[in-house]
Structure formats: structure tokens, C-alpha cells
Amino acid sequence: MNIVSLENKKSQSISVSLGGQDCVIRLIQRESFMYMDLTVNNIPIMQGVPCLYANKIVRYKYLGFSGDLFFLDNQGESDPHYDGLADRYPLYYITEAELVQ
């Protein structure tokens, strides 16, 4: 598992290589939840997916992303919020091999 570095911002877009895939992760905090868009190798994979505590975000292999992403909470079991992205709510990338273990 790898941690994807984020900042405490309501809206951010980061470019990162995950499992050999060139990814752009866009996060935006709304009143209800934080939402994620994911682009892989310049192809939009998913848009507007709610980020929930310990839930896989991509979920479906047919979308064309190898591995998955999920948030945890270092202080409990809350859904991620922008003001804790740098420390409280780490975003993890898990490889395809780690998913099957």
C-alpha cells in the first residue's frame, strides 16, 4: 500500500504515478461529501464518486484502473473531509496483487 500525498484544500488536483499508471486525481469537498474524479493515462475513469471511510473508490476492474484507492481515518471512522487530508484522512493506493490477498 502507498499513501497519496494530499493537502488540506477544498478542491485540488494532483498528478501521480500509481502502479505505472499516470493518474490525475481531482478532489472537491461539497456539503454532503468529498467527491473524486480519476483520469488514467489521459482517459477519464470515473467522475463524481463520493469518498467514504474505508470504501474502495474505483471498485470495478473494467474501468481500466489497476488497483484501487480508499481513505482511512487516523482518529476514528469518519468519512474524509478536506481539512484533514494532509494528516487525519490518508488516501491509500493498493495494487492489484494486494487486492487479492
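**Charges, overall shape and residue Q21**

In this predicted model, the chain carries 8 positive and 12 negative side chains, and the centres of these two sets lie 5 Å apart.

User: What makes the radius of gyration of the chain agree with that of a compact globule?

Analyst: For 101 residues, a compact globule would be expected to have a radius of gyration near 13 Å, and because the chain has 13 Å, the two values agree. The C-alpha atoms, taken along the principal axes, fill a box of roughly 30 × 30 × 20 Å.

User: Which pattern does the chain follow when it is read along the sequence?

Analyst: The order is β-β-β-β-β-β-β-α, which fits the count of 1 helix and 7 strands in the chain.

User: Why is Q21 called buried?

Analyst: A residue counts as buried when its relative accessible area is under 20%, and Q21 has a value of 6%, so Q21 is buried. Of the 101 residues of the chain, 37% count as buried.

User: Where is Q21 placed, and in which strand?

Analyst: Q21 belongs to strand β3, which covers residues 21-29. Leaving aside residues up to four places away in sequence, Q21 touches V16, V40, N41, G64, F65, S66 and Y93.

User: How do you know that the side chain of Q21 makes a polar contact with the backbone oxygen of L18?

Analyst: A polar contact needs a pair of N or O atoms within 3.5 Å, one able to donate a hydrogen and the other to accept it, and the side chain of Q21 reaches the backbone oxygen of L18 at 2.9 Å, so the distance meets that cut-off.

Notes: Residues numbered from 1 in each chain as written. Predicted model: local features only at pLDDT ≥ 70, side-chain atom pairs only at ≥ 80, totals over all residues. Heavy atoms only, no water. Helix = DSSP H or I, 4+ residues; strand = E, 2+ residues; numbered from the N terminus. Rg over C-alpha atoms; globule rule 2.2 N^0.38 Å. Buried < 20%, exposed > 50% of the residue type's maximum accessible area, 1.4 Å probe, protein only. Lys, Arg positive; Asp, Glu negative; His and termini not counted. Charge placed at Lys NZ, Arg CZ, Asp CG, Glu CD. Contact = heavy atoms within 4.5 Å.
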